[in-house]
Amino acid sequence: MMKIEDIFTQWKEDSDIDRTELGDEVLKIPKLHHKYYQMFIGERLLLRQYDAEMKQLKLDKYEFYTQGPNEETKEKGWVMPAKGLILKSDIPMYMEADRDIVKLSLKIGIQNEKIDFIESIIKSLVNRGFNIKAAIDWQKFTMGA
């Protein structure tokens, strides 16, 4: 699992284009595409894992709030609200505010942000060849060719 700051740092380095070696920059595109696509797949698989964990956590919390604590939930440190068992109509409110669910929701949110960012990097790399060609054409034009 990468931190989003690490992705920013790597992209800051990889996004620079050496204007004096545009031919070499074109040759770097496939390697960069591979690097970021590999990141993308890894982060997307991690998101799928978090989504599966969330489904299981919501089921476990629903059973906890409707049936009360058991040995397993006591070991996890889960505590019923002060008023004890809650009404079925109030369960969505308690689950939405549940610390474990909120914590995992935040992880999922961060994971989505990483995926969106890497996806935007990949789109940028797809256009990089066109941008470099435009830069080469501009250099030719300014030199009178």
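This tour proceeds through three helix pairs and then four individual residues of the structure. The model is predicted, and every value below is computed from it.

**Stop 1: helices α1 and α2**

Select residues 4-14, which form helix α1, and residues 22-67, which form helix α2. The two helices pack at an angle of about 170 degrees, and their axes are 12 Å apart. That angle makes α1 roughly antiparallel to α2, because angles over 145 degrees count as roughly antiparallel.

Next, display the side chains where the two helices meet. On the α1 side, select Ile7, Gln10, Trp11 and Asp14. On the α2 side, select Leu32, Lys35, Tyr36 and Met39. By class, five residues of this contact are nonpolar, one is polar and two are charged.

**Stop 2: helices α1 and α5**

Keep α1 in view and add helix α5, residues 99-142. Here the packing angle is about 10 degrees, with the axes 10 Å apart. In consequence, α1 is roughly parallel to α5, because angles under 35 degrees count as roughly parallel. The crossing of this pair is left-handed.

To see the contact, select Ile4, Ile7, Phe8, Trp11 and Asp14 in α1. Their partners in α5 are Glu113, Lys114, Phe117, Ile118, Ile121, Ser124, Leu125 and Arg128. The contact of α1 with α5 comprises eight nonpolar residues, one polar residue and four charged residues.

**Stop 3: helices α2 and α5**

Now hide α1 and show α2 together with α5. Their axes come within 9 Å of each other and cross at roughly 165 degrees. The helices α2 and α5 are therefore roughly antiparallel, and their crossing is left-handed. The residues of this contact comprise 24 nonpolar, six polar and 12 charged ones.

**Stop 4: Glu43 in helix α2**

Select Glu43, which belongs to helix α2. Is this residue buried or exposed? Its relative accessibility is 4%, so Glu43 counts as buried; the cut-off for buried is under 20%.

Display the surroundings of Glu43. Leaving aside residues up to four places away in sequence, Glu43 touches Met1, Met2, Gln111, Lys114, Ile115 and Ile118. One of these partners deserves a closer view: the side chains of Glu43 and Lys114 form a polar contact of 3.0 Å. For a sense of distance along the helix, select Glu53 as well. From C-alpha to C-alpha, Glu43 and Glu53 are 15 Å apart in space, with a separation of 10 residues in sequence.

**Stop 5: Arg128 in helix α5**

Move to Arg128, a residue of helix α5. With a relative accessible area of 4%, Arg128 is buried.

Which residues does Arg128 touch, not counting residues up to four places away in sequence? They are Asp14, Ser15, Asp16, Ile17, Glu25, Ile29 and Leu32. Draw a line between the C-alpha atoms of Arg128 and Ile17. These two residues are 111 residues apart in sequence, yet their C-alpha atoms are 9.5 Å apart in space.

**Stop 6: Asp98 in the loop between α4 and α5**

Select helix α4, residues 91-97, and then Asp98, which is found in the loop between α4 and α5. Asp98 has a relative accessibility of 6%, so this residue counts as buried.

Two polar atom pairs may be examined here. The side chain of Asp98 makes a polar contact of 3.1 Å with the side chain of Lys61. In addition, a polar atom of the Asp98 side chain lies 3.0 Å from the backbone nitrogen of Asp100. Beyond residues up to four places away in sequence, Asp98 touches Lys61 and Tyr65. Keep Tyr65 selected for the final stop.

**Stop 7: Gly84 in the loop between α3 and α4**

Finally, locate helix α3, residues 71-75, and select Gly84 in the loop between α3 and α4. How is Gly84 classed by accessibility? At 22% relative accessibility, Gly84 counts as partly exposed.

With Tyr65 still selected, compare the positions of the two residues. Gly84 and Tyr65 are 19 residues apart along the chain, and their C-alpha atoms are separated by 8.9 Å.

Conventions:
Residues numbered from 1 in each chain as written. Predicted model: local features only at pLDDT ≥ 70, side-chain atom pairs only at ≥ 80, totals over all residues. Heavy atoms only, no water. Axes fitted to C-alpha atoms, helices over the stretch in contact; angles between N-to-C directions. Helix = DSSP H or I, 4+ residues; strand = E, 2+ residues; numbered from the N terminus. Parallel < 35°, antiparallel > 145°, perpendicular 65-115°, else oblique. Contact = heavy atoms within 4.5 Å. Nonpolar A, V, L, I, M, F, W, Y, C, P; charged D, E, K, R; others polar. Left-handed = near helix turned anticlockwise from the far one by under 90°. Buried < 20%, exposed > 50% of the residue type's maximum accessible area, 1.4 Å probe, protein only. Polar contact = N/O pair within 3.5 Å; in protein donor to acceptor, adjacent residues only side chain to side chain.
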